[in-house]
Amino acid sequence: MFRTILTAALALSVAPALANDSIAELGTGGLILSRSDAVAMESEDLFISQEKVTVDYVFRNNTDKDVSAIVAFPMPDIEGDPNEMPAIPEAQSDNFLGFEVTIDGVDAKLQLEQKAFALGIDISADLKAQNVPLYPFGDAAKAALAKLPKEVAEDWENRGIIIEDTADDGSGMKTVYAPFWQLRSTYWWRSTFPANKAVHVSHRYKPSVGGTSSVSFFYDGQFQGQYATYKTRYCMDDGFENAVRKAAKDNPDGYPQYFESRIAYILTTGGNWASGNIGDFKLTIDKGSPKNLVSFCGDNVRKVGPTTFEMTAKDFYPEHDIDILLLEPSDDTSGGDNGNGG
């Protein structure tokens, strides 16, 4: 879905991207444990690409008693606002990231907790009473809202649960009710950590990849616009910036012929375990194509393959989340592997 929207935007945009040329990424992270005093994160092997995020953990119960705990995976909150364009990998599903988890190689028995909020008020019961799915995107919610009794629709509009949305569906302008509530989702399961033993947990999902249809931080021959924010957030270095300058110089219009893709990973939840740090931490980032440029913050990052970058650390305390910026050629004329890892 993201590719389709962004391709259409590229056809219209050759100048710096405006707000309506952008799709927002949804920050997602790792697991949270209900008891963090007994179970340590011995290692974490994290892989991030545009197609998938995989995380392999080794947890160890360092006590002499088995520990039973709830393990949770918070999904990113999503807003049902027709004026926003969040990147949703599985747009028709409650499991909109395609989340999966195994414990010692066996599929975990997952439960999904969902609640809907409007103006900070839990309106889950209101939606369920009218057979409206809590998940605000997808055809099911639209169909259910179209069947609302008039008095309910008017009440919900007054309470900020839904809004009127006017758009051209191909047969002319039409006004319908659209979701305006916030969805909060968490996958969780009960897990036992045997005394003085390691437990291997692996999970994977499709990341929410945001993007902009052109480079938002370089135009008119200079770095500007989002540059200061991006410089801090993505640690853009001289090699990365020189590649952007070269791309702008090579284009007769003076703009670097790239579009942005962005991934946000919430790493700081890794501190919610006994000792507060990760014994052995490994991060691998795959930028996809050798033609893509990549920038992200990290210490002692090494390039380990044509498209992959790696960072390792011992007794790692996750103080910061991971934000990844990818620049992808918007045509086939861009060459070279100019990406960097930090």
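Helices and strands here are DSSP runs numbered from the N terminus, with at least four residues for a helix and at least two for a strand. With that in hand, let's walk through this predicted model.

**Stop 1: two loop residues with positive phi**

Start by selecting aspartate 220, in the loop between strand 17 (218-219) and strand 18 (222-223). Its phi is near 55°, a positive value in a residue other than glycine. Aspartate 220 counts as exposed because its relative accessibility is 56%, and the cut-off for exposed is over 50%.

Now go to asparagine 196, in the loop between strand 14 (182-193) and strand 15 (198-205). Here too, phi is near 55° and the residue is not glycine. Asparagine 196 is partly exposed, at 42% relative accessibility.

**Stop 2: aromatic rings**

Show the side chains of Phe, Tyr and Trp next. How many aromatic pairs does the structure hold? There are 15 aromatic pairs. Zoom in on tyrosine 57 and phenylalanine 59, which form a stacked pair with 5.1 Å from centre to centre and 20° between the planes. Both partners are out of the solvent's reach by the usual count: tyrosine 57 is buried at 3% relative accessible area, and phenylalanine 59 is buried at 1%.

For a contrasting geometry, select phenylalanine 218 and phenylalanine 223. Their ring centres are 4.8 Å apart and their planes lie at 75°, so this pair is edge-to-face. Phenylalanine 218 is buried, with 5% relative accessibility, and phenylalanine 223 is buried as well, with 17%.

Keep those two rings on screen and add Phe217, Tyr227, Tyr230, Tyr234 and Phe240: together with Phe218 and Phe223 they form one aromatic cluster.

One more ring deserves a click. Select phenylalanine 117 and arginine 184: the charged end of arginine 184 sits over the ring of phenylalanine 117, 4.4 Å from the ring centre.

**Stop 3: a buried glutamate**

Tyr230 from the aromatic cluster leads to the next residue, glutamate 260. You will find glutamate 260 in strand 19 (residues 258-266). Is glutamate 260 buried or exposed? Glutamate 260 counts as buried, because its relative accessibility is 0%. Display its side-chain contacts: one polar contact, of 2.7 Å, joins the side chain of glutamate 260 to that of tyrosine 230. Another, of 3.1 Å, runs from the glutamate 260 side chain to the side chain of arginine 262.

**Stop 4: the disulfide**

Now select the cysteines. A disulfide is a covalent bond between the sulfur atoms of two cysteines. This structure holds one, formed by cysteine 235 and cysteine 297, whose sulfur atoms are 2.0 Å apart. The torsion about the S-S bond of cysteine 235 and cysteine 297 is about 95°, so the disulfide is right-handed. Follow the backbone from each end and you will see that the pair links distant parts of the chain, 62 residues apart. Cysteine 235 is in the loop between helix 5 (227-234) and helix 6 (238-250), while cysteine 297 is in the loop between strand 21 (293-296) and strand 22 (302-303). Cysteine 235 is partly exposed, at 30% relative accessibility, and cysteine 297 is partly exposed, at 31%.

**Stop 5: two helices with two faces**

Select helix 6 next. It has 13 residues and spans 18 Å from its first C-alpha to its last, close to the 18 Å expected at 1.5 Å a residue. Colour Phe240, Glu241, Ala243, Val244, Ala247 and Ala248, which are buried. Turn the view to look down the axis of helix 6: the buried residues fall within an arc of 155°, so they line one face. The face turned away from the buried side carries the exposed residues Asp238, Lys246, Lys249 and Asp250.

Why can residues line up in this way? An α-helix has 3.6 residues a turn, so residues three or four places apart point the same way.

Try the same view on helix 3 (residues 139-146), where Ala141, Ala144 and Leu145 are buried. Their arc is 100° when seen down the axis of helix 3, so these buried residues line one face of the helix. On the face turned away from the buried side are the exposed residues Asp139, Lys142 and Ala146.

**Last stop: phenylalanine 96**

Finish at phenylalanine 96, in the loop between strand 7 (78-79) and strand 8 (100-103). Phenylalanine 96 is buried, with a relative accessible area of 0%. Add serine 208 to the selection: the two residues are 112 apart along the chain, and 9.4 Å separates their C-alpha atoms.

Technical notes: Residues numbered from 1 in each chain as written. Predicted model: local features only at pLDDT ≥ 70, side-chain atom pairs only at ≥ 80, totals over all residues. Heavy atoms only, no water. Phe/Tyr/Trp six-rings, centres within 6.5 Å; stacked < 30°, edge-to-face > 60°. Buried < 20%, exposed > 50% of the residue type's maximum accessible area, 1.4 Å probe, protein only. Lys NZ or Arg CZ within 6 Å of the ring centre and 35° of its normal. Polar contact = N/O pair within 3.5 Å; in protein donor to acceptor, adjacent residues only side chain to side chain. Disulfide = S-S within 2.5 Å. Expected span 1.5 Å × (residues − 1). Arc of directions from axis to C-beta.
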